[in-house]
Amino acid sequence: MKKYLIARCSSIGQKLDSQIAELKKAHPDHDELITGFRSGVSAKNKAELQRYIDMCEPSDSLVFLRLSRVSRSLRQSLWFFAEAEKKKINIVLVKEQIDLSTTAGRFQAHMLMVCYQVQKEIQLEKDVRHAVHGLEILE
């Protein structure tokens, strides 16, 4: 039963130091630390998440600092959680204090991901409105 700490940022310009420190503080008994840079909305993110699933054995744990470090896509997160559950891999989200090995943890993670998706869509709508409004001003 291995415990992998996963520290991820969306671009190389970001630093992982504080994320790594928080993960190690919360789970000093970890077996391995994995770092990476991948956008949580990119198609390549799914391949990276699949790599985490493939390296795990049943009863292993993948520990992320927060849900947004897994994915920023509802569809991708749901897929990842389902694949982990099929293989009996536990997902832990430190900041949200969510453990997906429990019914309550799975419920919380799913609801939180829906909230993130709505927030993302509202921001995209706002960006489009600002872009359209900006074009109107220029005309």
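**Figure 1. Secondary structure of the predicted chain.** In this predicted model, the chain comprises four helices and five strands. Read from the N terminus, these elements follow the order β-α-β-α-β-α-β-β-α. The C-alpha trace extends over about 65 × 30 × 25 Å along its principal axes. Among the contacts with a separation of 6 or more, 67% join residues 24 or more positions apart.

**Figure 2. Surface and charge of the chain.** The chain has 139 residues, and 37% of them count as buried. Its accessible surface amounts to about 8400 Å². Carbon and sulfur atoms contribute 56% of that surface. The chain carries 22 positive and 18 negative charges, and the mean positions of the two sets lie 1 Å apart.

**Figure 3. The largest nonpolar core.** This core consists of 22 residues. L62, F64, F80, I91 and L93 are the residues with the most contacts inside it. At least two core residues come from each of strand 1 (3-9), helix 2 (43-55), strand 3 (61-64), helix 3 (74-86), strand 4 (90-93) and helix 4 (103-138). Helix 3 supplies the largest share, namely four residues.

**Figure 4. The surroundings of F64 and a separate core.** F64 belongs to the residues with the most contacts inside the largest core. Leaving aside residues up to four places away in sequence, F64 touches I6, R8, L23, Y52, R69, V70, F80, I91, V92, L93 and V94. Of these neighbours, F80, I91 and L93 are likewise listed among the residues with the most contacts inside the largest core. Apart from the largest core lies another core, of 10 residues, including C9, L16, V63 and V92. V92 of this other core is thus also one of the residues that F64 touches.

**Figure 5. The two sides of helix 1.** Helix 1 spans residues 17-26, and its buried residues are Q19, I20 and L23. Viewed down the helix axis, these buried residues fall within an arc of 95°, so they line one face of helix 1. The exposed residues D17 and K25 are carried on the face turned away from the buried side.

**Figure 6. Packing of helix 1 against the strands.** The buried residues of helix 1 pack against strand 1, strand 2 (32-37) and strand 3. One of these buried residues, L23, is also among the residues touched by F64. Strand 1 and strand 3, two of the packing partners of helix 1, each supply at least two residues of the largest nonpolar core.

Note on methods. Residues numbered from 1 in each chain as written. Predicted model: local features only at pLDDT ≥ 70, side-chain atom pairs only at ≥ 80, totals over all residues. Heavy atoms only, no water. Buried < 20%, exposed > 50% of the residue type's maximum accessible area, 1.4 Å probe, protein only. Contact = heavy atoms within 4.5 Å. Areas by Shrake-Rupley, 256 points an atom, 1.4 Å probe, with all protein chains shown as cover. Lys, Arg positive; Asp, Glu negative; His and termini not counted. Charge placed at Lys NZ, Arg CZ, Asp CG, Glu CD. Core = buried A, V, L, I, M, F, W, Y, C linked by side-chain atoms within 4.5 Å. Arc of directions from axis to C-beta.
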